[in-house]
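Visitor: I am new to this structure. Could you show me how to read a few of its features?

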Amino acid sequence: IGSDSFKDRIIRKYLRKNHKDIDGREQPELIKVNAVSIDKVIDCVAEYFNIINQIKITVRKGCNSNARIIAMYLAVQYCKKTNTLAEIASFFGVGINGISSNTKKCKEKLLKKKIFLKQIENIDELLSENTKTKV
């Protein structure tokens, strides 16, 4: 609905880091401007684990289980504001209960295994580098 310069002006004004007076309740559509897609999450997880075929993450059979668990967890963390849990679940071929139990299992692993936490932190950093808003 606006030109690119208008969009850039809005991004600069409202989406700066540490801009605390704007929240999702006042400007709910601004959340979607910098939203991360499920595909982007899967791409970053595949890049981190050196998986060439992203289908190896989204299907159960023959997948890298750590990559799949992390991809589902990060998809919920990054995409739940723009996608419903049902959409995220269908992307991975599970139900909503599968997504919920995976998130719970992932949080338990984060508390127990430091290497798992380090993997998620590295992928999280990779995601933030790949999705920065260019203004």
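**Reading one residue, then its surroundings**

Guide: T103 is buried, because its relative accessible area is 11%, and buried means under 20%. Keep in mind that this is a predicted model.

Visitor: In which helix does T103 lie?

Guide: T103 belongs to helix 7, which covers residues 96–112.

Visitor: Which residues is T103 in contact with, leaving aside neighbours within four places in sequence?

Guide: T103 touches Y73, V76 and Q77. These three residues are in helix 5 and take part in its meeting with helix 7.

Visitor: How do I read two packed helices?

Guide: Two packed helices are described by the angle between their axes and by the distance between those axes. Here, helix 5 (residues 65–79) packs with helix 7 at an angle of about 105 degrees. Their axes are 9 Å apart. Helix 5 is therefore roughly perpendicular to helix 7.

Visitor: Which residues of helix 5 and helix 7 meet?

Guide: Helix 5 brings N66, I69, M72, Y73, V76 and Q77. Helix 7 brings I99, N102, T103, K105, C106, K107, K109 and L110. The residues of this contact between helix 5 and helix 7 comprise seven nonpolar, four polar and three charged.

Visitor: C106 is on that list. Is C106 buried or exposed?

Guide: C106 counts as buried, because its relative accessibility is 0%. C79 is buried too, with 0% relative accessibility.

Visitor: What is a disulfide, and how many are there here?

Guide: A disulfide is a covalent bond between the sulfur atoms of two cysteines. The test asks for a pair of cysteine sulfur atoms within 2.5 Å. By this rule, the model has zero disulfides.

Visitor: How do I read a pair of aromatic rings?

Guide: A pair of aromatic rings is described by the distance of the centres and the angle of the planes. This model has two aromatic pairs. One of them joins Y48 and F49, edge-to-face, at 5.1 Å centre to centre with 85 degrees between the planes. Y48 counts as partly exposed, because its relative accessibility is 29%. F49 has 18% and so counts as buried.

Visitor: What about F91 and F92?

Guide: F91 and F92 also form an edge-to-face aromatic pair. Their centres lie 6.0 Å apart, with 70 degrees between the planes. F91 is partly exposed, since its relative accessible area is 33%. F92 is buried, at 1% relative accessibility.

Notes: Residues are numbered from 1 along each chain as its sequence is written. This is a predicted model: local features need pLDDT of at least 70, side-chain atom pairs count only at pLDDT 80 or more; totals for chains, interfaces and linings use all residues. Side-chain values use heavy atoms; hydrogens and water are left out. Buried means under 20% relative accessible area, exposed over 50%, partly exposed in between (1.4 Å probe, protein chains only). Helices (H or I, at least four residues) and strands (E, at least two) are DSSP runs, numbered from the N terminus. Contact means heavy atoms within 4.5 Å. Axes are lines fitted to C-alpha atoms, for helices over the stretch in contact, and angles run from 0 to 180 degrees between N-to-C directions. Angles under 35 degrees count as roughly parallel, over 145 as roughly antiparallel, 65 to 115 as roughly perpendicular and the rest as oblique. Ala, Val, Leu, Ile, Met, Phe, Trp, Tyr, Cys and Pro count as nonpolar, Asp, Glu, Lys and Arg as charged, and the others, Gly among them, as polar. Rings of Phe, Tyr and Trp (its six-membered ring) pair if their centres lie within 6.5 Å; planes under 30 degrees apart count as stacked, over 60 as edge-to-face and the rest as tilted.
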